[in-house]
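Student: I have a structure open on my screen and would like to learn how to read it. Could you walk me through its features one by one?

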Amino acid sequence: MGGKVSCTLGEIKNRADFIVYWGGNPAECHPRHFTRYTLTQKGKFTPNGRKDRTMWLVDIRETPSAKAADVFMQVRPGKDFEILTTLRALVKGQRVNEAAVADTGVSLQQLQEFADGMKKAKFGVFFFGMGLSMTRGKHMNSAAILTLATELNAFTKFVAMPMRGHGNVTGSDVVMRWTTGYPFGVNLCRGYPRFNPGEFSTIDLLVRRDVDAVLVAGADPGATMPQPAIDHLARIPTIVLDPKVTHTSKIAKVHFTTAATGVSAPGTVYRMDEIPLTLRPALKSPYPTDEEILKRINAAILKKSTWMPVDDQADALV
Amino acid sequence: MLRIKGGKVYDPAHGLNGVVQDICVADGKIVADVPPGCREIDAAGLFIFPGGVDIHTHVAGAALNFARAMTPENQRQATKFFHTAKRRTGIGGPTPTTFATGYLYAGMGYTTVFEAAVPVLSAKHTHEELSDTPILDKGCCVLMANNEILLDLLQQGDVERAKHVVAWLIWAAKAYGVKAVNPGGVAAWKWGGNASAMSEPVSGYSQVTPLKIVSSLARIIDELKIPHPLHLHCNNLGAPGNYTTTLETMKALEGNRAHMAHLQFHAYGGDDWHTMRSESQAIADYFNAHPNLTCDAGAVLFGNAVTITADGPWQHLLYQLTGRKWGNIDVENETGCGIVPYSYKGSNLVNAVQWAVGLELLLLIKDPWRIFLTTDHPNGACFWRYPEIIHMLMNAAFRRERVKKLPEKVLPRIVLPDLNREYSLYEIAIITSAGPARALGLKNKGQLGVGADADIAIYHENPDGEYMFRYPRYVLKGGEVVVEDGEIRHQMGGREFIVHPSYDPKIEDFLRPLFQQQYTMSFENYPVELERLEHPIIHPCE
């Protein structure tokens, strides 16, 4: 178990005939997803667009996305892991305890129909949202759906992709990996990267009050993080780079107004499938870009004497 | 300005085999002489080599970065690079971070590396990573053999238009060469299939066979006068009995140039995993007789590796064999990619055969100008383990000791125990630097003549080849001392080599509508902007 079987979004457009959204509401959170990539597009091997595809939606409540789905499967909150595990068994033709399945809010018959649909598909895909990855079970839920997709490849072509959003979070993840070896939750305090989500991830550091200053770029943690984390942001020097006033900027000590990336500042954004896109600004802004501000802060820091060990011996040899 | 005084110079491009002479450097180049009084490095008793050139490695891009995310357990065990005033932080291991990659390569005397597999769609990402890889000069090969627009053109028999598309794609990716991976097989993998028969049509096509893809691409590359020939990863990588596929492929390439990548993975006999054996002799015999080909070894060393390849179907099989993690990214219309962490074990019969085949090819292929040292990093082993291979090539007695540790059952399946050849330092200079530079068409690399880039590795003499080549006394890049006794002294950025083959600009009118139909980004956003590259050097196609 482990890894991820995925593809770029164009593969979905060109080939996918079985599309599952799980624990997400793309109609409202990723409003262009259906029309640009998954459902209505006519691709190379899906010439009839929507007619060539079947869509299942799995969620705990009926959201506006349900209207787009062929089948809406409502599950009991917190039972995703059990359902995914049951599906893994059904796909492999293993025996399943019907009474245990009843507890999930879905009938065994419906799950069997779901499993059969996946196996019959020519090219299937799971898109999973925070309704799966951030609810009871968390990373175990993500592992379960990724494993289900992996195992389906013994029968047909199947892939999985998290529905990432929140600005350029994928880009941050990508750059962190090539610079530090890890995607997030990286601690550089010892002079080399260490990784431990749950210990070094932002919320944990804030709630434990481990940090005494924070720089926020391209995010609004004041709107989404738990209250103890927000309280600590208000307590310490928090610096925010943002084109507009946000929940975080209101409690920050310093707020730099920046040019909006993609509107009045250039840059690169990574799509949820990790494909980079060049942003070309349409407008000019009187404000500096995030990059300019960070470079100037960095230049000012470099003028101060370093706290870290300098290679004295090495210098002597040159 | 700098004078390196009194070292023994190994410069195979000029036939210098340990000749004692001064090397003078000015403005990043090697010059005939420098005025007295400038800095001198006393190299008396030291060995002077042109900086190493890696023709095939995976050090940047979406696939490698995916592998980094998949294997935090490797990073945790790996060498840490502390942030100092002269060095940025990083992590080594099988998938080093970009800064660590620069330090590790430079640290063993390598100054130029070529990333082997880049999809156009994510090429921007690859170039960003290459820009963040310090010290080294770089280039990359763009993936073509499963590009559906090209395959559709081959199906229609429109090779002339295909040629313009190839040229356009090379420039769009800002690449230096063209790589073909499992021709037709990755396209078939998009529906879960593969292409293992060389002359049967690829699934979804009636007129396109793997052989046709290979021979058409090789011809196109030659006609476009791309300096590096078609860089080819054959079909059926890693499969027992695949040497027949490799021979068939090489025969189809007669009359054109080609570089056979990681040949070790393509030289197996037998019918299944239980009967797998070495067929390096058959491959080497054919190869020796056909000077249109070059290759790199793709040698395997025992230990941890991460297999990363555009060969999606092979990786699915490897996942099923190992039951370990599996990553897969299919790239729309272009290629695929698979990632499976792997451990090569000396006690495993298949792994032992693979280990032997890599060394056998290096010993059986007679012309060192046509086989180059690689491990297909990080597939066969990590690049920073090259010195271990050098030692085994230079010392037959040591090699025999290592063979003794293999399971006895493997001995009848390999020819390594019968090979007594030992590489000289001169030959090591060829397979690590002069040869790959020539195969890449890089005239200023891999040599120490006047006008060459002053990329120089200076070693202590040591009977232990591994120790000698692991710890250079000095490494110079562009005339600057970047490494001294294992310490990074100076880190500068590198350059990137690209080519700009000519094509009919009207080809964009042909591509644009196909693009709207098959891709998910606008045509204008697809090519890599030249500004994204760090110091691009456009190499002529002539």
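Student: Which elements each supply at least two residues of the lining of the largest cavity?
Tutor: Keep in mind that this is a predicted model. For any cavity, start by asking which elements wall it in. Here the list takes in both chains: β1 (3–7) and β6 (157–162) from chain A, and α1 (62–70), β9 (110–118) and β17 from chain B. Of these, α1(B) gives the most, with four residues.

Student: What volume does the largest cavity have, and which residues lie nearest its centre?
Tutor: Its volume is about 320 Å³. The lining has 30 residues, and those nearest the centre are B:A62, B:A63, B:S122, B:I329 and B:C337. Next, look at the chemistry of the wall: 18 nonpolar, eight polar and four charged residues.

Student: How many cavities of 30 Å³ or more does the structure hold?
Tutor: There are seven. The second largest holds about 90 Å³ of space. Among the 14 residues lining this second cavity, B:M108, B:Y110, B:T432, B:Y459 and B:F469 come closest to the centre. Two or more lining residues come from each of β5 (47–50), α13 (386–394) and β21 (456–459) of chain B, with α13(B) giving the most, three. The lining of the second largest cavity has 10 nonpolar and four polar residues, and no charged ones.

Student: And pockets? What is the volume of the second largest pocket?
Tutor: A pocket is open, while a probe in a cavity cannot get out. The second largest pocket has a volume of about 570 Å³. It is lined by 25 residues, with B:T79, B:F81, B:L104, B:W384 and B:R470 closest to its centre. In chain B, α2 (72–77), β7 (80–81), α3 (98–107) and β24 (487–488) each supply at least two lining residues, and the largest share, three residues, is from α3(B). By class, the lining of this pocket has 12 nonpolar, eight polar and five charged residues.

Student: Let me try a single residue. Is A:T8 buried or exposed?
Tutor: The idea is to compare relative accessibility with a cut-off: buried means under 20%. A:T8 has 1% relative accessibility, so it counts as buried. You will find A:T8 in the loop between β1 and α1 (9–15) of chain A. Leaving out residues up to four places away in sequence, A:T8 touches A:D273 and A:I275 in its own chain, and B:L121, B:D330, B:V331 and B:E332 in chain B.

Student: Can we do the same for a whole helix? Which residues of α11 (residues 312–322) of chain B are buried?
Tutor: They are B:G312, B:P313, B:W314, B:Q315, B:H316, B:L318 and B:Y319. Then ask what they pack against: α8 (139–152) of chain A, and α7 (185–189), β17 (303–309), β18 (326–330) and β19 (338–344) of chain B. Just after α11(B) comes B:G323, with a positive phi near 65°.

Student: Last, a sheet. What is the order of the strands in the open sheet of three strands in chain A?
Tutor: Strands of a sheet pair through backbone hydrogen bonds, either parallel or antiparallel. In this sheet the order is β9-β10-β11, with parallel pairing. β9 (214–217) and β11 (254–257) of chain A each have a single partner strand, so each is an edge strand with one side lacking a neighbour in the sheet. From one strand to the next, the twist averages 15°. β10 (residues 238–242) and β11 of chain A pair over four bridges, and A:L241 has A:F256 as its bridge partner. Helix α14 (residues 290–303) of chain A lies across β9, β10 and β11 of chain A, at about 145° to β10(A).

How values were computed
Residues are numbered from 1 along each chain as its sequence is written. Chains are lettered from A and ligands numbered from 1 in the order in which they are written. This is a predicted model: local features need pLDDT of at least 70, side-chain atom pairs count only at pLDDT 80 or more; totals for chains, interfaces and linings use all residues. Side-chain values use heavy atoms; hydrogens and water are left out. Two strands pair if DSSP finds at least two bridges between them. Axes are lines fitted to C-alpha atoms, for helices over the stretch in contact, and angles run from 0 to 180 degrees between N-to-C directions. Contact means heavy atoms within 4.5 Å. Buried means under 20% relative accessible area, exposed over 50%, partly exposed in between (1.4 Å probe, protein chains only). On a 1 Å grid over the protein atoms alone, a cavity is a set of points where a 1.4 Å probe fits but cannot get out, and a pocket is an open set with protein on both sides within 12 Å along at least five of seven lines; lining residues have an atom within 4 Å of a point. Grid points are joined across faces, edges and corners, and a volume is the space filled by probe spheres set on the points. Ala, Val, Leu, Ile, Met, Phe, Trp, Tyr, Cys and Pro count as nonpolar, Asp, Glu, Lys and Arg as charged, and the others, Gly among them, as polar.
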